[in-house]
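User: Hey, got a minute to go through this one with me? Let's start with how the chains meet.

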Amino acid sequence: MSVQSNVEVHSEWGIVSARQAGRNLAKELGFGGVDQARITTAISELARNIYLYAEKGEIVLEGIEKKEAGGVHRGLRIVAKDQGPGIKSVREVMEDGYTTSGGLGAGLPGVKRLMDEFDIDSITGEGTVITVVKWLR
Amino acid sequence: MADSYRLMQEQYVKILKTYLEDKNEIGLYQAQQFSKKVLENQISPEEVVSLHIEALEQFYPDLPQGAWDSFDFLIEIMMGYGMAYREHQILRDKQKELESEINVAANMQQTFLPDEVPDVEELDIGVISVPASKMSGDYYHFVKDNNGCVGVAIADIIGKGVPAALCMSMIKYGMDSLPEQRLQPGALLENLNRVVEQNVASNMFITMMYGSYDPRVHHFYYSGAGHEPGFFYNRAEDTFEELYAKGLVLGLNRDTQFREYHKKIEPGDFIVLLSDGVTECRTAEGFIEREELTRLIHQYSDLSAQEIVNNVFYQLEKLQGFSLRDDFSLIILRRKV
């Protein structure tokens, strides 16, 4: 439906640009203030992971739709991809309280809880692709 | 979720309005009650800010734009708390799960210990064993053989909690698999040492004392594997002496030999066996002295063996502010007068 926007992340500026693009799209789609903040926080976390562990990668943002019994559902999809070292044990980083994320609920489990859908693919030595979706309520 | 948010919002608007009109303590008390309710409904901090913003939009629609913008800023600040809050909920559930698992394991572990002390005409036996937390790294065991001899074992796994408890279960099975006939203490420890050496990680050690009381001659034969020395109470002289047995801890070296000692026990004499949790009771002034312990035992020595150990435990527990730092086991065997 709507155009997708790609933001390259290889510096903290990239993180800010990704947030900005995410917030604009979230507003456009009609997300409220709290959900906008959740979406940008998720983008922040994903982009920071790219910046810290893979050095560079990109965040792809897109408005999406799905047809359901109640009508058309709209949402925002974020794809974070990099060609970094990959994650050795996904199960470990998805565990709550895993410490390298800086603790206190941040990190990938935190992102998962902020969003409605979460999917991760990581191959050691090749990179990581994380896809998350927030649906409009 | 969405429904409870709507309900919360209606209530929030109502109680905030009341407070803004009356500005009294009742209103603030309602706010405090409401804060419990938002927690119950798992409303996260950034949503509470959002409730506030929505209420203000109704009451003061004409606030300057800068004020509205600042709320976006505040919501962003609250996001960190929101994430920590959600993680906290999940970790709390996990903790409950772990706790119930440990409770099951702790109950299972209790079944490894003897239900009761052996009934021997010549002896008065008392025992108490209390873990510092839920699971214990201390182990004790009684056995009465065909000759009427009473074997008593006390073991302490270095460390505590779950790893020590796992190790302790192995000691129990090791003891159970020893030959049926009566073993001399030294030979028993040598057997057990081989089991431990083969089955336990090289960084886990077990100290143990094993003794055998022969009621026909009233001799106590014992050997030790690096275990905290016990005491022998000589009633005629009213003195305590150390019950020491030289020997390496179990699991260190496959071919360790254990020397056997013996003591003649006269009527009223008693043997005290203990784990280091007893002597390592820490008070504000440091570890208690072993003399302190013998003084306590002496103080209650007119009571039955079971009452002595119960009282000593109570006094030492009290000294430590009712929180044990290490597993605590104390056994007394007294020749009846």
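Analyst: Sure. In this predicted model, 20 residues of chain A are in contact with 16 residues of chain B.

User: And how much area is buried between chain A and chain B?

Analyst: About 1,400 Å², with carbon and sulfur atoms giving 59% of that.

User: OK, now the charged stuff. How many salt bridges between chain A and chain B?

Analyst: The count there is 4 salt bridges. One that I can name pairs A:R38 with B:E47, and their closest N and O atoms sit 3.2 Å apart.

User: Which helices of chain A supply the side that touches chain B?

Analyst: α1 (12-29), α2 (33-54) and α4 (107-114) of chain A each put in at least two residues. The top contributor is α2(A), which gives 7 residues to the side of chain A that touches chain B.

User: How many residue pairs are in polar contact across that interface?

Analyst: The rule finds 4 residue pairs between chain A and chain B, counting pairs with both residues at pLDDT 80 or more.

User: Switching topic: which residues form the nonpolar patch on the surface?

Analyst: That's B:F73, B:L74, B:I77 and B:Y81, with about 450 Å² of accessible area together.

User: Where is B:F73 found?

Analyst: In helix α4 of chain B, which covers residues 65-110.

User: Does B:F73 count as buried or exposed, and why?

Analyst: B:F73 counts as exposed because its relative accessibility is 60%, and the cut-off for exposed is over 50%.

Note on methods: Residues numbered from 1 in each chain as written. Chains lettered and ligands numbered in written order. Predicted model: local features only at pLDDT ≥ 70, side-chain atom pairs only at ≥ 80, totals over all residues. Heavy atoms only, no water. Patch = residues over 30% accessible without salt bridge, like charges linked within 9 Å, V, L, I, M, F, W, Y side chains within 5 Å. Areas by Shrake-Rupley, 256 points an atom, 1.4 Å probe, with all protein chains shown as cover. Salt bridge = Lys/Arg side-chain N within 4 Å of Asp/Glu carboxyl O. Helix = DSSP H or I, 4+ residues; strand = E, 2+ residues; numbered from the N terminus. Buried < 20%, exposed > 50% of the residue type's maximum accessible area, 1.4 Å probe, protein only. Contact = heavy atoms within 4.5 Å. Buried area = accessible area lost by both parts, 1.4 Å probe. Polar contact = N/O pair within 3.5 Å; in protein donor to acceptor, adjacent residues only side chain to side chain.
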